Amino acid sequence: MPPQPLSPVPDFIYGTAWKEDRTPALTELALRMGFRGIDTANQRRHYFEAGVGQGLAAAYRAGLVTRDDFFLQTKFTYQPGQDHRLPYDPTASLSVQVAQSMASSLDHLATDHVDSYVLHGPSSNHDWTDADAEVWEAMRKERDAGRTRLLGVSNVSLRHLQQMAAARAELPAFVQNRCYARLGWDRAVRSFCREHKIIYQGFSLLTANQEVLHHPLIASLTIASLAASTNATPAQVVFSFARSIGILPLTGTSNAEHMKQDLASRQLTLPPEAVQAIESVAG
Ligand SMILES: NC(=O)c1ccc[n+]([C@@H]2O[C@H](COP(=O)([O-])OP(=O)(O)OC[C@H]3O[C@@H](n4cnc5c(N)ncnc54)[C@H](OP(=O)(O)O)[C@@H]3O)[C@@H](O)[C@H]2O)c1
């Protein structure tokens, strides 16, 4: 196996869910605007992974990026999370389903490897099951064969992660979770991640936390706080805060101006007291 070039883990990830026919154009636009992380899934119900591949192809043609310049992440999704458009034979074993789903992803994305391969969600909301252990082992094999550099799990609880650790399973490089402010921005899972050097990817930072976006504390921080003394938006404050507490944020915006604003949040530095206050603003 020749050594693979390393696409570094980015500081922002562009999410491609729910874009349907706009997926190719929005994927290309995100790369044009400066995103260097793209998240998708081989789950046609919510993602159009082949459309992401079309967007990447357009970006290569336009000379925006080469494959080595950005981080590409996709996911394996169990059948209950899918509709009828399955990327594998549902009668095959879970190990075979993982291999088939990965082969289909690489085909959709026209690449020989992704940078991160994520288990979209465990098979049970409560426990890390034998099915998850089988899928995780199959994902490890995909990694060892060079088809992904890193592995992740999504939609996990602290209990899932503790059970993985107790079973002496290899821990993921990434956790990707919906991040609720009312749960201290997923404090318990983030703390496990910090302890085990797992990168925490947070999604729905804006959509799950509307009450925080309208909180007076956030409003007070938007004033003259961005580089060059322009005012920040509440969304920028939230993304900047997220980064300050070690979250690698995702955004799924479909709007070019918001893409620009979301990326510009990297230039916003909040005072430590503000970060502390936002961390416990709702939970
Ligand atoms: N693992 C999982 O199960 C899972 C689940 C959900 C999502 N995800 C991933 O996470 C990605 C992002 O999902 P998400 O839930 O965070 O986002 P999202 O649902 O795609 O929506 C982001 C929302 O925030 C708005 N927004 C973004 N930037 C803004 C700004 N600067 N100012 C004002 N509004 C702004 C967007 O509106 P505009 O479009 O108008 O900007 C949109 O309404 C998905 O695409 C997917 O890749 C993963």
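**From the ligand to strand S8 and helix H5**

In this predicted model, an oxygen atom of the ligand is 2.4 Å from an N or O atom in the side chain of Thr-253. On its own the ligand exposes 900 Å², of which the protein buries 79%. Two further contacts involve oxygen atoms of the ligand: one lies 3.3 Å from a polar side-chain atom of His-120, and one is 3.2 Å from a polar backbone atom of Gly-15. The ligand has 26 residues around it, and those that come nearest are Asp-39, Gln-176, Ser-204, Thr-253 and His-258.

We turn next to strand S8, which spans residues 247-251 and is mostly covered, with 5 of its 5 residues buried. In a regular strand the side chains alternate between the two faces of the sheet. Both faces of S8 are covered, with Ile-247, Pro-249 and Thr-251 buried on one side and Leu-248 and Leu-250 buried on the other. Strand S1 (residues 13-15) pairs with S8 in the parallel sense over 2 bridges, and Ile-13 has Leu-250 as its bridge partner in S8. Strand S7 (residues 199-203) also pairs with S8 in the parallel sense, over 3 bridges, and here the partner of Gln-201 is Leu-248.

Helix H5, residues 158-166, has His-160, Leu-161 and Met-164 as its buried residues. Viewed down the axis of H5, these buried residues fall within an arc of 95°, so they line one face of the helix. Their cover includes helices H4 (130-144) and H6 (187-195) together with strands S5 (148-154) and S6 (174-178). Just after H5, Arg-168 takes a positive phi of about 60°.

How values were computed. Residues numbered from 1 in each chain as written. Predicted model: local features only at pLDDT ≥ 70, side-chain atom pairs only at ≥ 80, totals over all residues. Heavy atoms only, no water. Buried < 20%, exposed > 50% of the residue type's maximum accessible area, 1.4 Å probe, protein only. Helix = DSSP H or I, 4+ residues; strand = E, 2+ residues; numbered from the N terminus. Arc of directions from axis to C-beta. Contact = heavy atoms within 4.5 Å. Near = heavy atom within 4 Å. Polar contact = N/O pair within 3.5 Å; in protein donor to acceptor, adjacent residues only side chain to side chain. Areas by Shrake-Rupley, 256 points an atom, 1.4 Å probe, with all protein chains shown as cover. Pairing = 2+ DSSP bridges.
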